[in-house]
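Reader: Could you walk me through how the labels on this model come about? I'd like to see each value next to its cut-off.

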Amino acid sequence: MTLPWLIATLHLLALAIGSAGVFLRGRALKTAKDQNDVPAILRADDLWGLAGLLWLVTGVWRAFFGIEKGTEYYMENPLFHVKLGLFLLLLGIEMIPVWTLVGWRLKRRRGEPVDLSKARSLARISHIEFGIVVIIVFLATAIARGIRP
Ligand code: HEM
């Protein structure tokens, strides 16, 4: 009883952490003017990364390790497939910011300035990702209630 509750709580907390993270990252990227703005971008990116990890671990646990309604319940609902597909799409799109921001982190560790020329396009990507998260929430609440096409 306690474990499913704790895992479900972490799954929902990921929504709070991830929404804040990707939204703040997008805003910080959009308004970034110089090197002083980089730490805020990376802090928001940390939150987004943490949420992604939490979603993956708790989501797979809930769906495939029998602590909720059982794997069959989810696999039979096409909306669950769409949810997983959108999550994979998120992971795919995220490879673009990951690639750039890991580079920024390495540069900062070496004390070098980062090139902010991609900040605007990364902001756009962050906002698209936020939109995908909102769509996933619509799907998730439908799936939990057995709603299906
Ligand atoms: C951006 C990523 C994700 C978001 C925003 C998200 C959102 C949610 C939300 C809001 C719920 C609660 C639904 C409710 O109780 O009304 C939920 C439940 C759930 N999610 Fe996710 N989720 C994400 C990723 C995943 C992944 C990757 C998996 C599985 C691989 C997964 C599996 C589940 C399962 C099994 C439930 C329980 C549904 C039930 O109560 O029967 N989620 N999710």
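Reader: What makes the nitrogen atom of the ligand and the side chain of His 11 a polar contact?

Author: A nitrogen atom of the ligand lies 2.9 Å from an N or O atom in the His 11 side chain. A polar contact is a pair of N or O atoms within 3.5 Å, so this pair counts. This is a predicted model, where local features need pLDDT of at least 70, side-chain atom pairs count only at pLDDT 80 or more, and totals for chains, interfaces and linings use all residues. Residues are numbered from 1 along each chain as its sequence is written, and side-chain values use heavy atoms, with hydrogens and water left out.

Reader: How far from the ligand are the polar side-chain atoms of Lys 69 and Lys 83?

Author: For Lys 69, it's 2.4 Å to an oxygen atom of the ligand. For Lys 83, it's 2.6 Å to a nitrogen atom of the ligand.

Reader: Which helix gives the largest share of the shell around the ligand?

Author: That's H2, with five residues. Helix H2 covers 38–64; helices here are DSSP runs (H or I, at least four residues), numbered from the N terminus.

Reader: Why is Glu 129 called buried?

Author: Its relative accessibility is 0%, and buried means under 20% relative accessible area (1.4 Å probe, protein chains only), so Glu 129 counts as buried. Glu 129 sits in helix H5. Leaving aside neighbours within four places in sequence, Glu 129 is in contact (heavy atoms within 4.5 Å) with residues including Arg 25, Trp 48 and Glu 94.

Definitions and conventions:
Polar contact = N/O pair within 3.5 Å; in protein donor to acceptor, adjacent residues only side chain to side chain. Helix = DSSP H or I, 4+ residues; strand = E, 2+ residues; numbered from the N terminus. Buried < 20%, exposed > 50% of the residue type's maximum accessible area, 1.4 Å probe, protein only.
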